[in-house]
Amino acid sequence: MTIVEPEWLARPSTEVAPALIGCALVRQLPDGQRIRGTIVETEAYGPGDPASHASRGRTLRNQAMFGPPGTIYVYLIYGMYHCFNIVTDRPGVASAVLIRALQLDIMPPGFQTKEKLARIAAGPGKLCRTLQIDRTLNDRPLQPGGPLWLEHQTPEFQQQLDQGTLSIVQTNRIGISVGTDLLWRWYLANSPAISKP
DNA sequence: ATCGTGATACAC
DNA sequence: TGTATCACGATT
């Protein structure tokens with residue numbers, strides 16, 4: 001469980017997004033309680049991307065996307081859901097990875113069954129609901145001991161990828177009206193937490 | 001297929 | 001100032 005450092009995220013989002021599959025996301029609540037999950041679905045947004053919030057330049061909402069790698073970008077969508085992104089690449093380059101789904105490792109109180117556990121962090125809005133992520137975390141850094149941080153894939157996960165026991169699928173992004181031709185979405189095959197287009 | 005929900009961006 | 005749009009999810 002080595003910590004993901006900002007330098008590891010200092011490359012294009014299209015490179016970071018698939019590399020984040022299998023990494024752990026840890027949320028530490030104000031009361032100290034931790035919720036941990038494995039990232040199983042991501043999407044990349046970057047420069048020259050018509051679907052990016054930064055496609056028409058810098059605004060108050062998207063300014064976190066221009067920050068240093070490891071910055072948290074959270075925005076409100078459809079008046080009721082939040083979406084959580086990890087900023088990548090160098091400062092000044094608007095680039096981020098949307099975390100779409102987690103497989104929770106730790107059972108939060110009130111969720112007993114495996115089926116429920118697979119569903120409650122499936123989809124970017126539900127993920128934020130479960131991890132209690134909102135805009136108060138926007139434009140803040142990922143940091144061990146802070147509200148959110150990342151840990152690298154386990155050697156076992158890496159092994160299973162190498163052996164072909166697990167595989168990552170690359171496909172088109174969903175929930176957008178432009179840039180749908182770009183294959184900038186990645187997910188862990190056979191994971192029960194993946195959004196259906 | 002439809003709708004809830006409210007911030008945002010940009011046109012006026 | 002108004003208003004179309006929206007990186008979603010639950011329900012029919």
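In this predicted model, the protein surface near DNA strand C is made up of 11 nonpolar, 6 polar and 2 charged residues. Of the 19 residues around this strand, those that come nearest are His 53, Tyr 75, Asn 85, Gly 125 and Gly 175. The atoms of DNA strand C that lie within 4 Å of the protein belong to sugar or phosphate in 53% of cases, and the rest belong to bases.

Individual polar contacts to DNA strand C involve different parts of the nucleotide. Tyr 75 places a polar side-chain atom 3.0 Å from a base nitrogen of the strand, while an N or O atom in the side chain of Tyr 45 is 3.4 Å from a sugar or linking oxygen. At Gly 123 the contact comes from the backbone, where an N or O atom lies 3.4 Å from a phosphate oxygen of DNA strand C. Two or more residues of the surface near this strand are given by each of strand S3 (72-77), strand S4 (81-87), strand S5 (96-104) and helix H3 (124-131).

Turning to DNA strand B, the residues around it are Arg 56, Thr 59, Arg 61, Leu 76, Tyr 78, Gly 79, Met 80, Tyr 81 and Arg 135. Of the atoms of DNA strand B that come within 4 Å of the protein, 65% are accounted for by sugar and phosphate. The surface residues near DNA strand B divide into 4 nonpolar, 2 polar and 3 charged. Within this surface, an N or O atom in the side chain of Thr 59 is 2.4 Å from a phosphate oxygen of DNA strand B, whereas Tyr 78 uses a polar backbone atom, which is 2.7 Å from a base oxygen of that strand.

Note on methods
Residues are numbered from 1 along each chain as its sequence is written. Chains are lettered from A and ligands numbered from 1 in the order in which they are written. This is a predicted model: local features need pLDDT of at least 70, side-chain atom pairs count only at pLDDT 80 or more; totals for chains, interfaces and linings use all residues. Side-chain values use heavy atoms; hydrogens and water are left out. A residue is near a molecule or strand if one of its heavy atoms lies within 4 Å of it. A polar contact is a pair of N or O atoms within 3.5 Å; within protein, one must be able to donate a hydrogen and the other to accept it, and residues adjacent in sequence count only if both atoms are side-chain atoms. Ala, Val, Leu, Ile, Met, Phe, Trp, Tyr, Cys and Pro count as nonpolar, Asp, Glu, Lys and Arg as charged, and the others, Gly among them, as polar. Helices (H or I, at least four residues) and strands (E, at least two) are DSSP runs, numbered from the N terminus.
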